[in-house]
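Student: I would like a close look at a single part of this model. Please take one strand and walk me through its surroundings.

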Amino acid sequence: MKPDIHPDYHEITVIMTDGTEFKTRSTWGKPGDVMRLDIDPKSHPAWTGQQRVIDTGGQIAKFNKKFAGIGARKKA
């Protein structure tokens with residue numbers, strides 16, 4: 001391995017959507033940082049087989065506000 005070209009590889013804590021957590025090694029963040037997941041294999045429809053609407057940060061509300069007038073016909 002060439003020196004000084006690879007990112008720092010350190011330990012972080014990952015917190016799943018159900019609150020469980022585990023430690024892993026990663027190049028993400030700084031040593032000791034915590035990564036909170038919005039979607040993981042316990043909540044994603046591809047693994048659970050159930051559809052859920054997950055609105056992180058009001059994305060659905062923002063979309064509805066932006067495109068509220070499309071398709072609405074005005075009376076003449």
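Tutor: Start with Thr24, which lies in strand E2. The model is predicted, so read every value as computed from that prediction. Thr24 has 29% relative accessibility; that falls between the 20% limit for buried and the 50% limit for exposed, so Thr24 counts as partly exposed. Leaving out residues up to four places away in sequence, Thr24 touches His10, Glu11, Ile12 and Val14. Thr13 is eleven residues from Thr24 along the chain, and their C-alpha atoms are 6.4 Å apart.

Now the pairing. Strand E2 covers residues 21-26 and strand E1 covers residues 10-15. The two run antiparallel and are joined by six bridges. Take two positions in E1. Glu11 has Arg25 as its bridge partner in E2. Thr13 has Lys23 as its bridge partner in E2. E1 and E2 form a hairpin with five residues between the strands. Gly19 in this hairpin takes a positive phi, near 95°.

Next, the other partner of E1. Strand E3 runs parallel to E1, and three bridges join them. Here Val14 stands opposite Met35 in E3. How much of E1 is buried? Five of its six residues are, so E1 is largely enclosed by the rest of the structure.

His10 belongs to strand E1. His10 has 6% relative accessibility; this is under the 20% limit, so His10 counts as buried. What does the His10 side chain reach? One of its polar atoms lies 3.2 Å from the backbone oxygen of Gly29. The contact list of His10, without neighbours within four places in sequence, starts in E2 with Thr24, the residue we began with. It also holds Arg25, Ser26, Thr27, Trp28, Gly29, Lys30 and Pro31. So the Gly29 that supplies the backbone oxygen is also on the contact list of His10.

Now move to a loop. Asp40 sits between strand E3 (34-36) and helix H1 (45-48). Is Asp40 buried or exposed? Its relative accessible area is 4%, under the 20% limit, so Asp40 is buried. The side chain of Asp40 comes to 2.9 Å from the backbone nitrogen of Thr17. Setting aside neighbours within four places in sequence, Asp40 is in contact with Met16 and Thr17. Thr17 therefore appears both in that contact list and as the owner of the backbone nitrogen.

For contrast, look at the surface. Phe63, Phe67 and Ile70 form a nonpolar patch there. Together they have about 330 Å² of accessible area. Ile70 is found in the segment after helix H2 (59-66). Ile70 has 63% relative accessibility; this is over the 50% limit, so Ile70 counts as exposed.

To recap by accessibility: His10 is buried at 6%. Asp40 is buried at 4%. Thr24 is partly exposed at 29%. Ile70 is exposed at 63%.

Methods:
Residues numbered from 1 in each chain as written. Predicted model: local features only at pLDDT ≥ 70, side-chain atom pairs only at ≥ 80, totals over all residues. Heavy atoms only, no water. Patch = residues over 30% accessible without salt bridge, like charges linked within 9 Å, V, L, I, M, F, W, Y side chains within 5 Å. Areas by Shrake-Rupley, 256 points an atom, 1.4 Å probe, with all protein chains shown as cover. Salt bridge = Lys/Arg side-chain N within 4 Å of Asp/Glu carboxyl O. Buried < 20%, exposed > 50% of the residue type's maximum accessible area, 1.4 Å probe, protein only. Pairing = 2+ DSSP bridges. Polar contact = N/O pair within 3.5 Å; in protein donor to acceptor, adjacent residues only side chain to side chain. Contact = heavy atoms within 4.5 Å.
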